[in-house]
Amino acid sequence: MEKVIEVKNLTKKYKDLMAIDNLSFDVKEGEILGLLGPNGSGKSTTINCILSLLNYMSGSIKIFGKDMKPDSYDIKSKIGVIFQDVAVFDELTVYENIDYFCGLYIKDKKTRKKYIEDAIELVGIGEFTKFRPKQLSGGLLRRLNIACGIAHKPKLIFLDEPTVAVDPQSRNNILDGIKKLRDLGATIVYTTHYMEEVELLCDRIIILDKGKILAEGTSDTLKGLAKVEEKVTVEVNNLDEKYINEIKNLSVVDNIKYDSNILTIYYKEGKNNLVELMEILKKNNVKYNKIYSERPTLNDVFLELTGKELRD
């Protein structure tokens, strides 16, 4: 696949703060790239540099094989950007808003009308075209915001937290729309704090922190980086300390906790841990109520790599 975005040795500094530190990555044609990171990790700065909205100290950025510069209007006309903050005109209707933003790129009225209708259908707001933004729910407003950003049929789309503070139905609609955009040939850079969305949508993921890439790959590849391979949880009353120690001493056990009648065992490796545990409990006549196993999630890996401390 061709490279739609090529970022090489990108560096950006704010006084004494290194926001982007010699960053390099590519985005390939037709893929959805998830760009993840805690607050202050450099995601927004990276995107703004790619869009040539910020100056940077060193490095290079190419989009569609061409150097990206502030006056690269031929490139910018092929890009759609949907920021987290909704940016529409309150005095215009839904249709008029989409028409305005589409009209910035598509001058032919007949073509523009078709593009607007396609965008309205894609995000599912056909019943609300005569409404004004203040009359819309949060989910509908988000969908309008997306329609305004993609109505001109861009080949490259940046989506920044498009499902923040929306209900599950609107979220499903938005995620389905993003998949359709990819199926129609768009390349997408997607940022979010919802890990389940990343697993559902993204072909490849980059975890960024302090302006550097901590990990890169598919969801399954990143899960393989987790220190813990399996977590088993058992609901068991008054478990004797000697049985806890017996389990703890197993070579494959990384850590074990017992609190409020809940036994949690973290395994660093192994394929039949649940079976072995059940055999130990049975051998010692330990009665339990519930027992279940979980594999590492993308969220687990994210927290392992970026830390659990709060960010501003």
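Biologist: How many positive and negative side chains does the protein have, and how far apart do the centres of the two sets lie?

Modeller: In this predicted model, there are 47 positive and 48 negative side chains, with 3 Å between the centres of the two sets. The positive set counts Lys and Arg, and the negative set Asp and Glu.

Biologist: Why is Lys 271 counted as buried or exposed?

Modeller: The relative accessibility of Lys 271 is 68%. A residue is called exposed over 50%, so Lys 271 counts as exposed. Lys 271 belongs to the loop that lies between strand 13 (262–267) and helix 10 (273–283).

Biologist: What is Lys 271 in contact with, leaving aside its neighbours within four places in sequence?

Modeller: With those neighbours set aside, Lys 271 is in contact with Glu 229 and Arg 295. The term contact requires heavy atoms within 4.5 Å. As for Ile 205, its C-alpha is 26 Å from that of Lys 271, and the two residues are 66 apart in sequence.

Biologist: What makes strand 3 mostly covered?

Modeller: Strand 3 spans residues 32–36, and 5 of its 5 residues are buried. Buried means under 20% relative accessible area. Both faces are covered: Ile 32, Gly 34 and Leu 36 are buried on one side, as are Leu 33 and Leu 35 on the other.

Biologist: How do you know that strand 3 pairs with strand 8 and in which sense?

Modeller: Pairing requires at least two bridges, and strand 3 has 3 bridges to strand 8 (residues 187–191), in the parallel sense; the two strands therefore count as paired. Within strand 8, Ile 188 stands opposite Ile 32. Strand 3 is also joined to strand 9 (residues 204–209) by 4 bridges, again running parallel. There, Arg 204 is the bridge partner of Leu 33.

Biologist: What is the strand order of the open sheet of 4 strands, and which pairing does it have?

Modeller: The order is 2-1-4-5, and the pairing is antiparallel. Strand 2 (17–28) and strand 5 (66–67) each have a single partner strand, so they stand at the edges and one side of each lacks a neighbour in the sheet. Strand 1 (residues 3–14) and strand 2 are joined by 8 bridges; Lys 13 has Met 18 in strand 2 as its bridge partner.

Biologist: Which strands does helix 1 lie across?

Modeller: Helix 1 (residues 43–50) lies across strand 1, strand 2 and strand 4 (58–63), and runs at about 60° to strand 2.

Definitions and conventions
Residues are numbered from 1 along each chain as its sequence is written. This is a predicted model: local features need pLDDT of at least 70, side-chain atom pairs count only at pLDDT 80 or more; totals for chains, interfaces and linings use all residues. Side-chain values use heavy atoms; hydrogens and water are left out. Buried means under 20% relative accessible area, exposed over 50%, partly exposed in between (1.4 Å probe, protein chains only). Axes are lines fitted to C-alpha atoms, for helices over the stretch in contact, and angles run from 0 to 180 degrees between N-to-C directions. The place of a charge is taken as NZ of Lys, CZ of Arg, CG of Asp or CD of Glu.
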